[in-house]
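Colleague: Hi! Could you walk me through this model when you have a minute?

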Amino acid sequence: MGTDIAGGVEVRPYGPGSPWLLTDLSLEDLPRHYDAFGLLFGVRNHAGFEPVAPGRGLPEDAGPDLLALRYDGTHDHTWVTWTELARIDWNALAPRVDDRIHEYELTSEGPRFIGKAGHHGHAWRAVAGEHADPRGSSYPEGTQWRADDRMWRVERLRPADVLRVDPQLRALFDTMRDLAERHGGDNVRLVVWFDS
């Protein structure tokens, strides 16, 4: 069972001390993307990022429209301002390797990324050994296994990798940046919580 994100983007159009208002930006289109959850909020942080805004709870001054979106079963409430998001170094390597071993298809054009997972099937086990630990963090960075047209590799991610595969998150950030240009970075924030 996976984890889904909910919440919203609030703005303070009249600056500090004024009420936060919920925008019409929906988080419903954001995919279940654990690397983004880990980078931003420390939730399901398999990639080992230093999270930007983990476990802050709900803001004390959250607006009533945002609070009305909450329901029973939500957890890991937190929030982050545009100012904080704008400071992310998108090219910095995560402090440790990804717990999920990355899988590639070996093609004539070079390796093609297929995906990553906490556990791999028989092909990986045949190369790595029946009792091999499927967690990438059990091996040094750069460890790899090959079999036929497949390669499995232990790697670290960059925050830029998160945006590269998540156009919905890029679009949300673009809109938040536009709002911040009008209202100021500290007057735009993303408030989230998770279920399951």
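Modeller: Happy to; here are the strands, the aromatic rings and the cavity search. This is a predicted model, where local features need pLDDT of at least 70 and side-chain atom pairs count only at pLDDT 80 or more, while totals for chains, interfaces and linings use all residues. Residues are numbered from 1 along each chain as its sequence is written, and side-chain values use heavy atoms, with hydrogens and water left out.

Colleague: Great. How many bridges join β4 to β5?

Modeller: Seven, between β4 (residues 101–107) and β5 (residues 110–117), and the two strands run antiparallel. Strands here are DSSP runs (E, at least two residues), as helices are (H or I, at least four), numbered from the N terminus; two strands pair if DSSP finds at least two bridges between them.

Colleague: And what joins β4 to β5?

Modeller: A hairpin, through two residues. T107 has G110 in β5 as its bridge partner. β4 also pairs with β7 (residues 150–153), antiparallel over four bridges, with H102 opposite R153.

Colleague: Switching to rings: how many aromatic pairs are there?

Modeller: The count comes to eight. Rings of Phe, Tyr and Trp (its six-membered ring) pair if their centres lie within 6.5 Å; planes under 30 degrees apart count as stacked, over 60 as edge-to-face and the rest as tilted. One of the pairs is W82 with F173, edge-to-face at 6.1 Å centre to centre and 75° between the planes.

Colleague: Why does that pair tie together separate parts?

Modeller: Because W82 lies in helix α3 (residues 82–86) and F173 in helix α6 (residues 167–183), parts that are 91 residues apart in sequence.

Colleague: Is F173 buried or exposed?

Modeller: Buried, with a relative accessible area of 5%; buried means under 20%, exposed over 50%, and partly exposed in between (1.4 Å probe, protein chains only). W82 is buried as well, at 11%. F173 also forms a tilted pair with W90, at 6.1 Å centre to centre and 55° between the planes. W90 is partly exposed, at 23%.

Colleague: Which residues do ring pairs link into a cluster?

Modeller: Y34, F37, F41 and F194.

Colleague: Last one: what did the cavity search find?

Modeller: One cavity of 30 Å³ or more, with a volume of about 70 Å³. On a 1 Å grid over the protein atoms alone, a cavity is a set of points where a 1.4 Å probe fits but cannot get out, and lining residues have an atom within 4 Å of a point. Grid points are joined across faces, edges and corners, and the volume is the space filled by probe spheres set on the points. The lining has 11 residues, with I5, L30, A36, F37 and L169 nearest the centre.

Definitions and conventions:
1 Å grid on protein atoms, 1.4 Å probe; cavity = no way out; pocket = protein on both sides within 12 Å on 5 of 7 lines; lining within 4 Å.
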